[in-house]
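Student: Please take me through one part of this protein closely. I would like to look at a sheet and the strands that form it.

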Amino acid sequence: MQNKSFRTSISAAIILFMVVGMLAVTPFAKDDAAYAATSQFTLSGVTKPGTLKKGQAFVIKGMINSALTMSRVEVGIVKDGKWVSGCYANKYPKSRSFNIFTADSSIAFGNLAPGTYYYRIWAHDANGGRKVLDHKFVVSSTTATSKITLSGVTKPGTLTKGKSFMIKGTVNSALAIKQMSVGIATSDGKKWIPNHIVYKYPRLLSFNIGSVSSLLKFSNLAAGSYRYKVFAYDANGAHLIIDQPFKVVAPAAPVANPSTSLSISKLKNYTDKNWNTNTNRYCAEYVYYCLNAAGYTLPKVTYPRLDGKVYGIRTVVGSQLNYLDKKTPYKVIWNPKYQEVKNNWVRTNIKPGDIVFYDSNTKGWKKHAEHVVICTRIDSNNWPRYSAHNNCVKDGQIYTKAGKSRILAVVKMGMK
C-alpha cells in the first residue's frame, strides 16, 4: 500500500510539473483577461468621444499608470480592425505613467468621414501588449459649424524696401484646421506673389502664424502695393481670415540734418588745419570729411577712383551728380557751357560751402580726370577759393599742372 501511495504521489507531482510548465510557456493573448499578475494598468481622467459631427475636433486627455515600465503606448482610431491613417500615435514613454494628451496632435478626429469607429489604446510592458481602452463612437453626416478666431495678430502697413516684417498671431477654430495658406498677394488679391506663399497642414484646433514668419520674405518684395492674406481650411471649406493691404516703398536716402546749418567757420578751420595732410585721400573723401567737420552729413557716395585712371563727363554726371540731385536735399546747378574756372559765371554761382566738380584738359578734353573740391571762402577779388587734397588745389585755387580747367557742376548746399 505504501509503494502504491508513493507511486501515486510521484505521478501527481509529474502531472503538476507538466501543467505548470505548459502554463509557463503559453503566451498571453493581447486582450486576455488572465493577464500576468505583475502587469497592471489603470486609467484616470480619460476623455472619450461620443457622437461627433463631421469635421468636429475632439481632444483626448487622461493618464495611464502601470505597475511595470511601459515600453510603448499606441493611441489611435480603428475602423474595420485597422488603424485609421492620420489618426495614430506610437509613443515610447519608458516610464510607469503616460499622459495621453501628448498623442492628441496625432489624432485628427476632425478629418474622419461619417461612420462608426473605435478609440483604442494599447499599452506595452515587459510582458507584452494589452488593450487598455477600446471605446466605440460615431461620426454623423451632419457638418459642424465653423468658428474661427484670431488673437495677437500683426499686420504690415507701409514697409521700407529691403526690410523684413515679423508676422504673428494665433488662429483658433471650433473645427480641425486642415490647411493654412499664409502669403502675399497682388494688390487686387487675385494672385499669390511667386515664392511668397506658405502652406501648412496642422489638423489641429489652433495654428501659430508666427511659425511660418521666417518663410515669408517681405524683405524680397519690390516697391509697390500688396495684400497680406491668410486662409484657414476646415471641414466646411476655405475661410479668408486676414486680408490686409500694405505698401512697400523705396528707402529714403540718408540726408543731412535740415536743422543743422553749415558752419563756414568750422569748414575753414578744418581745411586750414588739414591742408596738405590729405594727399592719400581721394577728392570725394576729403569733401566728405570737410562737410562732416562743418556740421553736415553728406551721404557717403561711392565716387570713381582717381588714382591714375581717366573718366569721362558721363561717369561724373551719372554716378555722383544725379545721386546728389535726386536723392539728397542738395541742389545741383549744372554748368552747360563748362565755363573755365575764372569767369563771371563762377563769381555769380559759387559760394562758400558749395561743392564744385571740375575737370582739366591736361590730357585733352576727350580724356580728362574729374575732381571735386569745396569752396571755403571768397577772396578780395570776388573769386572763390577751394580746399581739397594738394593734387587738386594750389594756394586755394583750382590747380592744374598744364592747360585749363573748367567747371562741370556746383552742388548748392541746403537749397532744395
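Tutor: What follows starts with the whole protein and then turns to one sheet. This is a predicted model, in which local features need pLDDT of at least 70 and side-chain atom pairs count only at pLDDT 80 or more, while totals for chains, interfaces and linings use all residues. Residues are numbered from 1 along each chain as its sequence is written, and side-chain values use heavy atoms, with hydrogens and water left out.

The protein has 5 helices and 23 strands; helices (H or I, at least four residues) and strands (E, at least two) are DSSP runs, numbered from the N terminus. Of the 416 residues, 39% are buried, meaning under 20% relative accessible area with a 1.4 Å probe, protein chains only.

Now the sheet. An open sheet is formed by 5 strands in the order 2-8-7-4-5, and the pairing is mixed. Two strands pair if DSSP finds at least two bridges between them. Strand 2 (51-54) and strand 5 (82-91) are at the edges; each has a single partner strand, so one side of each is left without a neighbour in the sheet. On average, neighbouring strands of this sheet are turned by 25° against each other, direction ignored; the axes are lines fitted to C-alpha atoms, and angles run from 0 to 180 degrees between N-to-C directions.

Within the sheet, strand 7 (residues 115-125) pairs with strand 8 (residues 128-143) in the antiparallel sense, over 11 bridges. Tyr-117 stands opposite Phe-137 in strand 8. In general, strands of a sheet pair through backbone hydrogen bonds, either parallel or antiparallel.

Technical notes: Buried < 20%, exposed > 50% of the residue type's maximum accessible area, 1.4 Å probe, protein only.
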